[in-house]
Amino acid sequence: MKLLPERIVCLTTETVEVLYMLGEQDRIVGISGYTTRPEIARREKPKVSAFTTANIDKILALKPDLVLGFSNLQADIAAELIKAGIEVHVFNQRSIDDILLMIITTGRLVGASEKAKSIVENLTLQIAEARQVGNSLPHKPSVYFEEWNDPMMCSIRWAAELIDIAGGEDCFPELSQFHSAHERVVTPAEVLERMPDIIIGSWCGKKFQPRDVMVREGWGAIPAVKNKMVFEIKSADILQPGPSVFTYGLKQLETIFKQWGKIQ
């Protein structure tokens, strides 16, 4: 009798990363073409989906006993697979706590609860250490995090929380709680009004251009622009809500904030 899923399709990169960390990668039979980590997964595993679209026939041909997805944006894919008789689990992690819970749940699904717990304990320790370092800054820098430029969108919840952990303060805290990107749209005038000390761009799917940001009308008065505190963190490092946001995104925030602290 089969007690655990043996053939798993992952529709986003986060669960791929977790399964490899758990040593359960042999269960993966298909991944998203947007999978970024680990790099070996891109070479080893068949690509069966993008983000909001998927090759349903190709997924079904792999005979998965579990498909792992992420967010309401994959609801239509999930519905098609469910109608075809496939078991589907769709995560919807939007915060640091949600990300840690996703790791725990993935571990339970494949019978690797203790390994998952150990990963979460290590990440929790890493978070605590980063917060301690952040507390040593002269004061909390105000940070404008730009997820997209047209229209301008500010930080999603877990990015805002990472900023807080590293010792900063998201300059649009009232918007970061919203799931939908259109609810986090801001104007150049609103950013100018908040006068951020640091600007971080992470344009999902394309390279952030600091120069284009710095020449926006009136932005020469913003402290971040005056002091050349405008940086890119690649979307794969901070906008994919899995372990990488800690091992890559948080680390880069710490480096940026440390650099800012030296000019205070």
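## A tour starting at M21

Select M21: leaving aside its neighbours within four places in sequence, M21 is in contact with I119 and P243 (contact means heavy atoms within 4.5 Å). This is a predicted model, in which local features need pLDDT of at least 70 and side-chain atom pairs count only at pLDDT 80 or more, while totals for chains, interfaces and linings use all residues. Residues are numbered from 1 along each chain as its sequence is written, and side-chain values use heavy atoms, with hydrogens and water left out.

**Stop 1: M21 and its helix**

Stay on M21, which is partly exposed with a relative accessible area of 40%. The classes are buried for under 20% relative accessible area, exposed for over 50%, and partly exposed in between, with a 1.4 Å probe and protein chains only. Draw a C-alpha to C-alpha distance from M21 to Q252: the two are 21 Å apart in space and 231 residues apart in sequence.

M21 lies in helix α1, which covers residues 13–21. Helices (H or I, at least four residues) and strands (E, at least two) are DSSP runs, numbered from the N terminus. Now select the whole of α1. Eight of its nine residues are buried, so α1 is largely enclosed by the rest of the structure. The buried ones are T13, E14, T15, V16, E17, V18, L19 and Y20. Just after α1, look at G23, which takes a positive phi of about 75°.

**Stop 2: strands β1, β2 and β3**

Next select β2, residues 28–32. Five of its five residues are buried, so β2 is largely enclosed by the rest of the structure. Add β1 (residues 8–10), which runs parallel to β2 and is joined to it by three bridges; two strands pair if DSSP finds at least two bridges between them. To find the register, pick I8, whose bridge partner in β2 is I28.

Then add β3 (residues 47–49), which pairs with β2 in the parallel sense over two bridges. Here I31 stands opposite K47 in β3.

Show the helices again and trace the connections. β1, α1 and β2 make a right-handed β-α-β unit. Another right-handed unit is made by β2, helix α2 (residues 39–44) and β3. A crossover is right-handed if, with the strands pointing away from the viewer, the path from the first strand over the helix to the second runs clockwise.

**Stop 3: strand β6 and its partners**

Move to β6, residues 142–149, where six of the eight residues are buried. Which strands pair with β6 in the parallel sense? One is β8 (residues 169–170), over two bridges, with E169 as the bridge partner of S142. Another is β9 (residues 198–201), over four bridges, and there F145 has I200 as its bridge partner.

The pairing with β7 (residues 152–154) is antiparallel, over three bridges. E146 stands opposite C154 in β7, and the two strands form a hairpin with two residues between them.

From E146, step to R216, in the loop between α9 (210–214) and α10 (223–226). R216 is buried, with a relative accessible area of 15%. Not counting residues up to four places away in sequence, R216 touches E146, N149, M152 and W203.

**Stop 4: the nonpolar cores**

Select Y144, L162 and F257: of the 68 residues in the largest nonpolar core, these touch the most other members. A nonpolar core is a set of buried Ala, Val, Leu, Ile, Met, Phe, Trp, Tyr and Cys residues joined through side-chain atoms within 4.5 Å. Helix α12 (residues 244–261) gives the most to this core, with seven residues.

Centre on F257. Leaving out residues up to four places away in sequence, F257 touches L137, P141, V143, I163, A166, G167, G168, I198 and I200. Apart from this core lies another, of eleven residues, including V9, V48, I59 and V67.

**Stop 5: the largest pocket**

Finish with F51, F70, L73, C204 and L239, which lie nearest the centre of the largest pocket among its 27 lining residues. On a 1 Å grid over the protein atoms alone, a pocket is an open set of points where a 1.4 Å probe fits, with protein on both sides within 12 Å along at least five of seven lines; lining residues have an atom within 4 Å of a point. About 720 Å³ of space lies in this pocket, the volume being the space filled by probe spheres set on the points. Colour α1 and α11 (235–238) to end the tour: each supplies at least two residues of the lining.
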